[in-house]
Amino acid sequence: MKATVMEIHKNYCIVMTKDGQFLKHKAAAGSVEIGDEIVISKAPEVRLGRLYARGFAIAAAVVVVVVGGVFSYRYLSKFYPVGGVRELAKAEVEDKEVYQAEAPAEVAVTQEVGEEADMVAAEFEESAVDEINEAGGLMYEKDFVVEEGIEVEEFIIDDLSFKYETFESDGEKQILISFKNTSGSLSFNGSADIILLSGDSILKELHIDLVDLGPWEEKEETVVYEEGASILRIRMNGGFN
Amino acid sequence: MEDFKGSLGGLISYLFMVIHRESLKDRVIRIRNDSDKINSLISEFKPFIASVAQKRAGKFLRYGVDDELSIGLMAFKEAIDSYDEAKGNFLSFARLVINMRLIDYFRKQGRVRNISMDGQAGETIGEVIDKRSMEQYRIDSENEERILKIIEYRKELNKWGITLEQLVRISPKKSSLRNHYIRVAQVIVDNRKLLDTLLETKRLPIKEIEKIILIHRKKLERGRIYIIAVVVALLQNFSYLDVCRGDGGQ
């Protein structure tokens, strides 16, 4: 399908299709310009992460649904109440394979997700979001790369944006961390633990409370960028209400 | 009555600004002696400058780090200073100037790059422009229009606190859900009261929408950012979306 290039990043561009999808498309910088019309396939991006569901037995399994031979972690990546999804999987998925893995589950996925898989996963996501919110929130953990001159922004819990960037001030290297509630009507309550690691060694930890972070509100903290730090781990819990 | 007038006035001002947008070339000529406005224009077009420079350099570039972007910024300023209508569309002219200044830079660095249709060694910008055909002019006009619309759209989304990265994450993958949200956006744009409420409060009037369209409140909540993005596109007549041309939404 055709799409218009809207924004360019280091290894990818963001495109918009004529029917209103916004997608990331792998493209080497310099290969496309803003405004170019390109042809893309329907493959979604993928990522690796660990997840926990608070309020549910951690020893219980995380259900991974395999549809048509591939599965989309992106749809399952945030929060999955084991009981709910398993029941849904049994009720909704026909002639498909269903796997269970022990939590915490590290799963890596890739490949194109067909329209049928999209539909099934979208249904799961809706029910899962409802169940998690009713259960009172979730835990989330992810590792990011940290190095000099980096700036990253990502949405980690629904409409909660997490951003970090390294900078130098008065000769000292620091990391600016910010959380922004981009919900137009809900407040976020929770907390985050930021851990700086060098390999497996913990160099620094920072705890940030996010209490009543209202619509469009932002909270920032800075932490010294310890020499040798290569990973920034974030552990979050909380939810919108 | 006063509230109605105020909100109507706000809507009219907003639509006037969108519909009667000053053309870029008029803006460039108008601001030429105002350094603040020039800086503001350059800042708005930083993504465009980076896009052109990256294509010429063949790699990802960062402001504040890579010299190529500094050269791109200076070339864009040069284009503003030297532009006149005889040189065609402003963005095409600016692209030409940026490319030629980068070529000069690479030559000084000993990094000779393939010279494309933008010009040959020793040619001035004026000579290159003269060689361009009417067909090229037409293509340039279409490209400029598309780039301008994209930049305007991103700028407007930014005012709402919406980024394209965010839209990638939240735009529905399921086409039926996407069409449903697009229909909600169309209803909002067609309903003055709903549109006023959205523009004034910056929040989706969910209760009112629920009365008009059969859609669950939670679905509306989850789709609100996407719905707002489509509303902005409809208001700006962002014709790269089928729904803005009346082709889609179903």
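## A glutamate in strand β1 of chain A

The side chain of A:E7 reaches the side chain of A:H9 in a polar contact of 2.7 Å. This comes from a predicted model, so keep that in mind as you look around. A:E7 sits in strand β1 of chain A, and with a relative accessibility of 15% the residue counts as buried, because the cut-off for that label is under 20%.

Which residues does A:E7 touch, once its neighbours within four places in sequence are set aside? In its own chain they are A:C13 and A:I14, and across in chain B they are B:R154, B:L164 and B:E165.

## The strands around β1

β1(A) as a whole is mostly covered, with 6 of its 7 residues buried. On one pairing, β1(A) runs antiparallel to β2(A), and 5 bridges hold that pair in register. A:T4 has A:M16 as its bridge partner in β2(A). The two strands make a hairpin, with 3 residues between them.

β1(A) also pairs with strand β4 of chain A, residues 37–39, again in the antiparallel sense, over 3 bridges. Here A:K2 is matched with A:V39 in β4(A).

## Where chain A meets chain B

How many residues are in contact between the two chains? Chain A brings 49 and chain B brings 45. The area buried between them is about 4,400 Å², with carbon and sulfur atoms giving 52% of it. On the chain A side, A:F22, A:E33 and A:I34 lose the most area to chain B, and together they make up 16% of what that side buries.

There are 5 salt bridges between chain A and chain B. A:D19 forms a salt bridge with B:R178, where the closest N and O atoms are 3.0 Å apart. Polar contacts between the chains come to 9 residue pairs, with both residues at pLDDT 80 or more. The elements of chain A that give two or more residues to this side are β1 (2–8), β2 (12–17), β3 (22–26), α1 (73–76) and α3 (115–135). Of the chain A side, α3(A) supplies the largest share, 9 residues. By residue type, that side splits into 19 nonpolar, 13 polar and 17 charged.

## Another hairpin in chain A

Further along chain A, strand β12 (residues 188–198) and strand β13 (residues 201–213) run antiparallel and are joined by 10 bridges. If you want a pair to find on screen, A:I195 has A:E205 as its bridge partner in β13(A). β12(A) and β13(A) form a hairpin with 2 residues between them, and A:G199 in the turn has a positive phi of about 65°.

## Two helices in chain B

Over in chain B, helix α11 covers residues 192–201, and its buried residues are B:L194, B:L195, B:D196, B:L198 and B:L199. What caps the N-terminal end of α11(B)? That is B:N191, which has a side-chain oxygen 3.0 Å from the backbone nitrogen of B:K193. Just after the helix, B:K202 takes a positive phi of about 60°.

B:V231 belongs to helix α13 of chain B, residues 217–235. Is B:V231 buried or exposed? B:V231 counts as buried, because its relative accessibility is 2%. Leaving aside neighbours within four places in sequence, B:V231 is in contact with B:A185, B:I188, B:V189, B:L195 and B:L198. Two of these contacts, B:L195 and B:L198, are also among the buried residues of α11(B). As for B:I188, its C-alpha is 7.4 Å from that of B:V231, though the two residues are 43 apart in sequence.

Definitions and conventions. Residues are numbered from 1 along each chain as its sequence is written. Chains are lettered from A and ligands numbered from 1 in the order in which they are written. This is a predicted model: local features need pLDDT of at least 70, side-chain atom pairs count only at pLDDT 80 or more; totals for chains, interfaces and linings use all residues. Side-chain values use heavy atoms; hydrogens and water are left out. Two strands pair if DSSP finds at least two bridges between them. Helices (H or I, at least four residues) and strands (E, at least two) are DSSP runs, numbered from the N terminus. Contact means heavy atoms within 4.5 Å. Buried area is the accessible area (1.4 Å probe) that two parts lose on being put together, summed over both. A salt bridge is a side-chain nitrogen of Lys or Arg within 4 Å of a carboxyl oxygen of Asp or Glu. A polar contact is a pair of N or O atoms within 3.5 Å; within protein, one must be able to donate a hydrogen and the other to accept it, and residues adjacent in sequence count only if both atoms are side-chain atoms. Ala, Val, Leu, Ile, Met, Phe, Trp, Tyr, Cys and Pro count as nonpolar, Asp, Glu, Lys and Arg as charged, and the others, Gly among them, as polar. Buried means under 20% relative accessible area, exposed over 50%, partly exposed in between (1.4 Å probe, protein chains only).
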